[in-house]
Amino acid sequence: MNEHSNLQGSQSAEEIIALDKRHVWHPYTQHGIEVEPPVIARAKGASLFDADGREILDMISSWWTCTHGHAHPKINAALARQADTLEHIMFAGFTHAPAVNLAKALSELLPGDLNRVFFTDDGSTAVETAIKVAYKSWVNRGQTRRTLIAFDGGYHGDTLGAMSVGRSSQMFGAFKDLMCDVRVVPYPATFEGDDAVEEREAGALSALEALLANHKQNIAAMIIEPMMQGAAGIRICRPSFLKRMVAMAREAKVLVIFDEVATGFGRTGKLFAMEHAEVTPDIVCLSKGLTGGYMALAATVVRDQLFDIFLGHDFDRALPHGHSFTGNPLACAVALASLGLYEEEQTMARIAEINAHHRTMLDVLAARTDVMRPRTLGSALAFDFGSDTQYQSEASLKLRAWYLANGLNIRPIGSTVYLMPPYCITDEELARAYATMIEGMDRLASGSL
């Protein structure tokens, strides 16, 4: 074991790549065509550095997880302190300060009576927990409701329940026979200069109204990524639509789940995306930015009245659910340090500055004939190109490879190019990313990629 544990510092990039090819199965990767990945040796701020010392700006925040930047000294210190005290303990029958204090902090930040926190490992498991809570709450009330409502294009993770509510995301067709009962309604995505959004919203609300009227006795819950669908291509909706949709579910006595795994912790310009519409769901799922991108941790937070439905004098009413690393002290300590930085570093003000730069960039994008539907929300900027919307389309792979070769981690989703940088990114770094992004589009248009 010592031989293996001491390898990291002495291995060359070529040795690491050789071992990777022999032993590693990467996520969302077709290894039959995938090129060799860069070996990342270290990271700092908004930048990654490969084994040769080449800088790569992390313009998608390492799948939207990195908030305050890589290797933040205060988060590093919090992790080291906790590691020296308590690294892990099972969370059934025990408790500890990092988890308790993080649950309190989240409850204080979230609106209404979202006060009960169930910790898991990642976005998928947070959604899985939410689905089980919703279903079991109806069982505890003497009703069997098996149907879930989701929105076209929604992505909620890749465990079984999460796949089911993300069945329209192009990712999970091979697993459709394993999925639970989900009804999908349209999602009225909008963009700059969109003149038809009201018509699309009316159609979506009409479809939802019909579904609620005809099946409400069978519907356990409705789930949506509030304000912005991530994996569908950074598709944005209006706050008024979100507000009306929640009101309709409330009228039908259907539980509302907000998947804020990607939208939480400032990504949309508010700490939580639900704040745009001033609505409170029954359940909210959090992960990604929760630990500032450092460690795997998620939280499913429910309203007090929903938690109370599980109280009783026997285990039959309890939630039979949990994970080995639920409430991991290291992850909770890191999350607390990350949350503290929002006020200390005036993070929300910086996100507003990033958005102002994005809005200036919208004019540049709108002037191009090869760009469609430019849009921005918070720290996210996106636009569409071409007609091939398939995940890892030929054009998207060419763009991704060219951006990487020219110092940017930009990973187009089908025909969508997007930026979602760490909040610590400087104006100079952002300007450099814009210029390189545009050059990549110029090369794609000229056929020189």
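A residue counts as buried when its relative accessible area is under 20%. This cut-off applies to the predicted model shown above, and Ser169 is a suitable residue with which to begin. Ser169 has a relative accessibility of 11% and therefore counts as buried. Its place is in the loop between helix H7, which covers residues 160–165, and strand S6. The side chain of Ser169 reaches the backbone oxygen of Gly166 at 2.8 Å. When neighbours within four places in sequence are left aside, Ser169 is in contact with Gly153, Gly154 and Tyr155.

On the other side of strand S6 (182–185) lies another loop, which leads to helix H8 (197–215) and contains Ala189. The relative accessible area of Ala189 is 15%, so this residue is buried. Residues up to four places away in sequence are again not counted, and Ala189 then touches Asp194, Arg200, Arg235 and Ile236. A distance in sequence may also be set beside a distance in space: Ala189 and Arg443 are 254 residues apart along the sequence, and their C-alpha atoms are 28 Å apart.

The next residue, Ser47, belongs to a strand, namely S2, which comprises residues 47–50. With a relative accessibility of 3%, Ser47 counts as buried. Its side chain and that of Glu55 are joined by a polar contact of 2.4 Å. Glu55 also appears among the contacts of Ser47 beyond four places in sequence, together with Ile56, Leu57, His70 and Glu429.

Ser396 provides an example within a helix, H14. At 1% relative accessibility, Ser396 counts as buried. Apart from neighbours within four places in sequence, the residues in contact with Ser396 are Phe385, Pro412 and Gly414. Ser396 and Asp363 are 33 residues apart along the chain, and 23 Å separates their C-alpha atoms.

From single residues the discussion now turns to the packing of helices. Helix H14 (residues 394–405) packs with helix H15 (residues 427–446) at an angle of about 135 degrees, and their axes are 10 Å apart. The two helices are therefore oblique to each other. The crossing in which H14 passes H15 is right-handed. On the side of H14, the contact is made by Ala395, Leu399, Trp402 and Tyr403, while H15 contributes Thr436, Met437, Glu439, Gly440, Met441, Arg443 and Leu444. By class, the residues of this contact of H14 with H15 comprise 7 nonpolar, 2 polar and 2 charged. Arg443, already named for its distance of 28 Å from Ala189, is thus one of the residues of H15 in this contact.

How are H13 and H15 oriented to each other? Helix H13 (residues 347–366) packs with H15 at an angle of about 25 degrees, with the axes 12 Å apart. Angles under 35 degrees count as roughly parallel, and H13 and H15 are therefore roughly parallel to each other. H13 also passes H15 in a right-handed crossing. In this contact, Arg350, Ile354, His357, His358, Met361, Val364 and Leu365 of H13 meet Asp427, Leu430, Tyr434, Met437 and Ile438 of H15. The residues of the contact of H13 with H15 divide into 8 nonpolar, 2 polar and 2 charged. Met437 of H15 takes part in the contact with H14 and also in the contact with H13.

Technical notes:
Residues are numbered from 1 along each chain as its sequence is written. This is a predicted model: local features need pLDDT of at least 70, side-chain atom pairs count only at pLDDT 80 or more; totals for chains, interfaces and linings use all residues. Side-chain values use heavy atoms; hydrogens and water are left out. Helices (H or I, at least four residues) and strands (E, at least two) are DSSP runs, numbered from the N terminus. Buried means under 20% relative accessible area, exposed over 50%, partly exposed in between (1.4 Å probe, protein chains only). Contact means heavy atoms within 4.5 Å. A polar contact is a pair of N or O atoms within 3.5 Å; within protein, one must be able to donate a hydrogen and the other to accept it, and residues adjacent in sequence count only if both atoms are side-chain atoms. Axes are lines fitted to C-alpha atoms, for helices over the stretch in contact, and angles run from 0 to 180 degrees between N-to-C directions. Angles under 35 degrees count as roughly parallel, over 145 as roughly antiparallel, 65 to 115 as roughly perpendicular and the rest as oblique. A crossing is left-handed if the near helix is turned anticlockwise from the far one by less than a right angle, and right-handed if clockwise. Ala, Val, Leu, Ile, Met, Phe, Trp, Tyr, Cys and Pro count as nonpolar, Asp, Glu, Lys and Arg as charged, and the others, Gly among them, as polar.
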